[in-house]
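Visitor: I've got a few minutes and plenty of curiosity. Could you walk me through this one?

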2 protein chains.
Amino acid sequence: MRMAELSRESGVAAATIKYYQREGLLPPGELTSPNQARYDATHVRRLKLVRALLEIGGLSVAAVREVLTAIDDPATSTHDVLGLAQHGLPVLKSEVSDEDRAWAMERIEAAAVARDWELFPESPLIEALVSVLCTLREVGHDWVLDALDRYFAAAEEVAEADVGALARRGSTEAIVEGAVVGTVFGDALLATLRRLAHAQASRKRFNA
Amino acid sequence: MRMAELSRESGVAAATIKYYQREGLLPPGELTSPNQARYDATHVRRLKLVRALLEIGGLSVAAVREVLTAIDDPATSTHDVLGLAQHGLPVLKSEVSDEDRAWAMERIEAAAVARDWELFPESPLIEALVSVLCTLREVGHDWVLDALDRYFAAAEEVAEADVGALARRGSTEAIVEGAVVGTVFGDALLATLRRLAHAQASRKRFNA
DNA sequence: CTGAATGGATAGCTCCACTATCCAAAATGA
DNA sequence: TCATTTTGGATAGTGGAGCTATCCATTCAG
């Protein structure tokens, strides 16, 4: 398979494919001569994954590169990848006052204890969580957090399903790639379903 | 309050505030003379909301404008806003083959029936959902969908909490603004918690 | 009265994700 | 064989988004 076919197969313009190669999102084809290369099904697959991460996952090209680097690195362990998979999130480093942080941590810890979670307060995920809570407070909508424990419960529900499904996969590479894909696409899936469920819940409560 | 103070209070550069005004994200101040305006706490609050929608919600300026227009429109009803709140999602219109669509709809309907949801197959939300499922299939990771019913369950869990919390709010405007804010920020909250929960679930399953 | 700040208009900046052009070296088809 | 595509690789250009900077006439503060 050469460039034209790879482009047709994947639905991505040839110039864009070359761009992705330059950016390290797609490995080079196997060179048959100094200026001819051959591609195969793995390139098609990788290309589809890149497009999906960009379009559905909403990742930047740089974020996609990081994610793919982790997938391709044989040293990446299953445990690593679950910690790494936050690369998709806009890592927000908003400055938060000490008292706001304390308020947020109190809320988080209360909900975590109730579900028997063990927290590592200095992890970037906790940072992100604190940011979200404080921002909600800032804009005067901290009532959202009245349901924080149910958010925890829902997150636990899907996470257990995710880890279960992941564990059922075969090789380490399959698990690593699955973790990344599941994390990114699961967000989109969950967000969409939540909106659908809003419609259901509001019908159930007000109309029926 | 004049520009300098509004800027200090909100942490947004004056030039940026002017830009937001031009873009219709922030109402003009009350003119005291042809070229002097006064601002108040509502402007500070709105500004913080704009920043939060941009940074945490990840919305574009155009999307923020739509959302705020809906909030400000007195004609927006509670029911409207829950349908409208999908404005935050990247509305993906990927072309899907008929058989892929059929495959996706089958999965979706099965899960919906199990939870007693009523679907409207031509709604944009269903379209988005079909896109996500088909893309997962395309990239060879449809095993994620083995847990689709648990995603439905989790979505229902949070949606009911959302609608319940919303119903507890007072005025119509409070509900409308709450719906938008809750939808956008809830996504960020849920995504972050899901990653935290991944760590918990993987510890529980493999380490403990 | 004087210097700083303001609202409003306009132009410019940086980054990002592509896209287009060019070239010499294959590949293809007659 | 030999004209015509196609290719990989390099480089430059494009368009949109989200600010940011400059200018100007007016107005405010000391």
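Visitor: How far is the polar side-chain atom of Tyr39(A) from a phosphate oxygen of DNA strand D?

Guide: First, a word on the ground rules: this is a predicted model, so local features need pLDDT of at least 70 and side-chain atom pairs count only at pLDDT 80 or more, while totals for chains, interfaces and linings use all residues. Residues are numbered from 1 along each chain as its sequence is written, chains are lettered from A and ligands numbered from 1 in the order in which they are written, and side-chain values use heavy atoms, with hydrogens and water left out. A polar contact here is a pair of N or O atoms within 3.5 Å; within protein, one must be able to donate a hydrogen and the other to accept it, and residues adjacent in sequence count only if both atoms are side-chain atoms. For Tyr39(A) and that phosphate oxygen, the distance is 2.9 Å.

Visitor: Which element gives the largest share of the surface near DNA strand D?

Guide: Near means that a heavy atom of the residue lies within 4 Å of the strand, and 24 residues surround DNA strand D. Helices (H or I, at least four residues) and strands (E, at least two) are DSSP runs, numbered from the N terminus. With five residues, the largest share comes from α2(B).

Visitor: And which base-contacting residue of chain B has a polar side-chain atom 3.1 Å from a base nitrogen of DNA strand C?

Guide: Most of what the protein meets there is backbone: of the atoms of DNA strand C within 4 Å of the protein, 69% belong to sugar or phosphate and the rest to bases. Tyr20(A), for one, puts a polar side-chain atom 3.1 Å from a phosphate oxygen. The base nitrogen is reached by Lys18(B).

Visitor: How many residues of the surface near DNA strand C are charged?

Guide: Let's sort them by class: Ala, Val, Leu, Ile, Met, Phe, Trp, Tyr, Cys and Pro count as nonpolar, Asp, Glu, Lys and Arg as charged, and the others, Gly among them, as polar. That surface has eleven nonpolar and seven polar residues. The charged ones number six.

Visitor: Is Asp100(A), the salt-bridge partner of Arg137(A), buried or exposed?

Guide: A salt bridge is a side-chain nitrogen of Lys or Arg within 4 Å of a carboxyl oxygen of Asp or Glu, and this pair meets at 3.5 Å, N to O. It links helix α7 (residues 124–138) to helix α6 (residues 98–114) of chain A, with the two residues 37 apart. Buried means under 20% relative accessible area, exposed over 50%, partly exposed in between (1.4 Å probe, protein chains only). Arg137(A) is partly exposed at 32%, whereas Asp100(A), at 17%, is buried.

Visitor: Why does the salt bridge of Arg150(B) and Glu157(A) join two chains?

Guide: The two side chains meet at 3.1 Å, N to O. Arg150(B) lies in helix α8 (residues 148–167) of chain B, and Glu157(A) lies in helix α8 (residues 148–167) of chain A, so the pair joins two chains.

Visitor: What is the relative accessible area of Lys204(B)?

Guide: Lys204(B) forms a salt bridge with Glu160(A) at 2.9 Å, N to O. The pair crosses between chains, from helix α8 of chain A to helix α9 (residues 172–207) of chain B. Glu160(A) is partly exposed at 26%, whereas Lys204(B) is exposed, at 58%.
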